[in-house]
Amino acid sequence: SRLCLITSHKLYSSVYDPNEKTFEKLLIANRGEIACRVIKTCKKMGIKTVAIHSDVDANAVHVKMADEAVCVGPAPTSKSYLNMDAIMEVIRKTRAQAVSLNVSICCSFLSSLSLQASEGVTFIGPDTHAIQAMGDKIESKLLAKNAKVNTIPGFDGVVKDADEAVRIAREIGYPVMIKASAGGGGKGMRIAWDDEETREGFRFSSQEAASSFGDDRLLIEKFIDNPRHIEIQVLADKHGNALWLNERECSIQRRNQKVVEEAPSTFLDPETRRAMGEQAVALAKAVKYSSAGTVEFLVDSSKNFYFLEMNTRLQVEHPVTECITGLDLVQEMIRVAKGYPLRHKQADIPINGWAVECRVYAEDPYKSFGLPSIGKLSQYQEPLHVPRVRVDSGIQQGSDISIYYDPMISKLITYGSNRAEALKRMEEALDNYVIRGVAHNISLLREVIIHPRFVRGDISTKFLPEVYPDGFKGHKLTDLERRQLLATAASLYVAEQLRSQRFLGTPRIPIAKSKRRSWELSVHLGDGIYPVAVSKDGSSFSVEVDGMKLNVTSEWNLASPLLSVTIDGTQRTVQRISRNASGETSIQFLGTVYKLQILTKVAAELSKYMPEKAAEDTSSILRSPMPGTVVAVSVKPGDMVSEGQEICVIEAMKMQNSMIAAKTGKV
């Protein structure tokens, strides 16, 4: 990972002062990219690190990066990364002076954290009273009201059962948001538009909350329709000082989880930004907060903003704030935990340039904007050769993406002097990102950042369902782009044929001297079959498609996962994902993977005699669209079920999904 360095503002680059003593050894009770992120700053500060891991994470990147590593249990988080007894034992065994625990902390951990303090172990984060107050959405909302922070109308108590949930929802008025009191990350949250959805939402939200946080309490509040999700980064010390480090725009979401973030927001004016920042600081001071934290708001079209929650940890999207301010938030958290006062005043905090973050997930974006995918990363290459790109990841080539943890591959961050520059770099970085072995959401991310609505800043939390009401289908090619793809695919095919004639740079059969300079091909793309004529001119190809000639130039390094191609002066970075002997090939072009079949003219004429494999009839089968665990089965053999009836519940990556019958029939 390369940090965004703002050379013209070295005052805010968080350069480490070796005379400022902090801790000798720090234990990181987390995994993945955030654990790697903490280790990098610790190395800069001269702090030795201890990693914990589950048995399936024994070869994980954060384990290799740390100075020491200890296994704390089997794969499920409740038995490893959330096993506080095992973590406490590791702290004692390794004699760590501090512990960084960036996961959502259950209330059951608070006594252990207090015990750590009594044993002289420092927690890198806020005090336990602030964690308890802000970790409970019900209590945090009451505290926010008392601190004069704008709040969403709703029920401030704990909802006892589904019947009470329906009664409260009717009193508030639909739609309502049902969410876990101890929740975060979009888990344990449901939107209900009527009584039936309220009952179902109560059931699933309470189950998810119990599974993810060990606390099934729920609250209900008015759902603000079509809002923006904007959050304020705060930083406070133990001496009563607190700062707001500007905002992050987090409105691009699916299933209440963020997908694309940026800083600053295109929507806020200086007055609104200041008002939100001051309210966020007021809340932090009200709970005597001392660390980095995030106060999240919903903002309506009139720039009215309402407190949503406060996250008492380092947020996934923190890198965009680091890019525009130059602060290393992990370093600031460690300094505050040691007792040092903040080094900056509010007037010192800048907004330098623009930063955009895309969350790269092992997900299939064509299924509900992203259902989890598992597998081994057979090939993995981060686009760090692109200028001003930062990648925060906790995986490498050969890593496994399993059902036990969130399917995040990395956080891809680009920085520019303005928004247009940052977005252009993001487009280039996504095109140059190589991920093989699992499905990923690169195509969705690229389409979002180039969409006209996103480019002009016209976004809300409903952006994805509004822009793609029938689901995400990938990039829709224009006529010019279709011709460019066909010309590129045909050129690749011919380059491959020419390479296969040679071995170690010499012809395979010396007496056979091929003088062939042109090829007539038939390319099948989507529902169309296109005649394509290719002729070779040095290292370039002249390709005729739809009666138009295109010049295709490249180095034609077919062994590279990335291929830079210039088509009539337009540069494109493409990836050939797969190919086989029958002419079928998959090419990633403009972020989307397209399946083509390239045949010679003769082979195309003969292909009509080839039998076609009949599609499998799955109408009588219920097949899970994702890998996961069956947590409930609602039927038994012999039962009659109707269309839309729940058959079972699948839990994947801590989210529960109801599987329903596609038609009426007998189990």
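Student: What makes the second largest pocket a pocket and not a cavity?
Tutor: A 1 Å grid is laid over the protein atoms alone. A cavity is a set of points where a 1.4 Å probe fits but cannot get out; a pocket is an open set with protein on both sides within 12 Å along at least five of seven lines. This is a predicted model: local features need pLDDT of at least 70 and side-chain atom pairs count only at pLDDT 80 or more, while totals for chains, interfaces and linings use all residues. Residues are numbered from 1 along each chain as its sequence is written, and side-chain values use heavy atoms, with hydrogens and water left out.

Student: How much space lies in the second largest pocket?
Tutor: About 490 Å³. That is the space filled by probe spheres set on the points, which are joined across faces, edges and corners.

Student: Which residues line the second largest pocket, and which lie nearest its centre?
Tutor: Lining residues have an atom within 4 Å of a point. The second largest pocket has 19 of them, with H524, E584, Q597, L599 and S607 nearest the centre. At least two lining residues come from each of strand 26 (518–525), strand 31 (570–579), strand 32 (584–589) and strand 33 (592–600). Strand 33 gives the largest share, four residues. Strands (E, at least two residues) and helices (H or I, at least four) are DSSP runs, numbered from the N terminus.

Student: How do the residues of this lining divide by class?
Tutor: Six are nonpolar, 10 polar and three charged. Ala, Val, Leu, Ile, Met, Phe, Trp, Tyr, Cys and Pro count as nonpolar; Asp, Glu, Lys and Arg as charged; the others, Gly among them, as polar.

Student: How do you know that strand 10 and strand 11 pair?
Tutor: Pairing needs at least two DSSP bridges between two strands. Six bridges join strand 10 (228–236) to strand 11 (242–254), so they pair. They run antiparallel. One bridge sets E231 against R248 of strand 11.

Student: Why are strand 14 and strand 20 at the edges?
Tutor: The open sheet has eight strands in antiparallel pairing, in the order 14-13-10-11-12-15-22-20. Strand 14 (305–311) and strand 20 (389–393) each have a single partner strand, so one side of each lacks a neighbour in the sheet. From one strand to the next, the twist averages 25 degrees.

Student: Why are helix 5 and helix 6 called roughly perpendicular?
Tutor: Axes are lines fitted to C-alpha atoms, for helices over the stretch in contact, and angles run from 0 to 180 degrees between N-to-C directions. Angles under 35 degrees count as roughly parallel, over 145 as roughly antiparallel, 65 to 115 as roughly perpendicular and the rest as oblique. Helix 5 (128–135) and helix 6 (137–146) cross at roughly 95 degrees, their axes coming within 5 Å. They are therefore roughly perpendicular.

Student: What makes the contact of helix 5 with helix 6?
Tutor: Contact means heavy atoms within 4.5 Å. Helix 5 brings Q132, A133, M134 and G135; helix 6 brings K137, E139, S140 and L143. Three of these residues are nonpolar, three polar and two charged.

Student: How do you know that strand 34 and strand 36 pair?
Tutor: Four bridges join strand 34 to strand 36 (646–652), so the pairing rule is met. A632 has V649 of strand 36 as its bridge partner. The open sheet is 34-36-37, with antiparallel pairing. Its edge strands, strand 34 (629–633) and strand 37 (655–660), each pair on one side only.

Student: What is omega at the cis peptide bond that joins Y174 and P175?
Tutor: About 0 degrees. P175 sits in the loop between helix 7 (162–172) and strand 7 (176–180). The A263 to P264 bond is also cis, with omega near -5 degrees.
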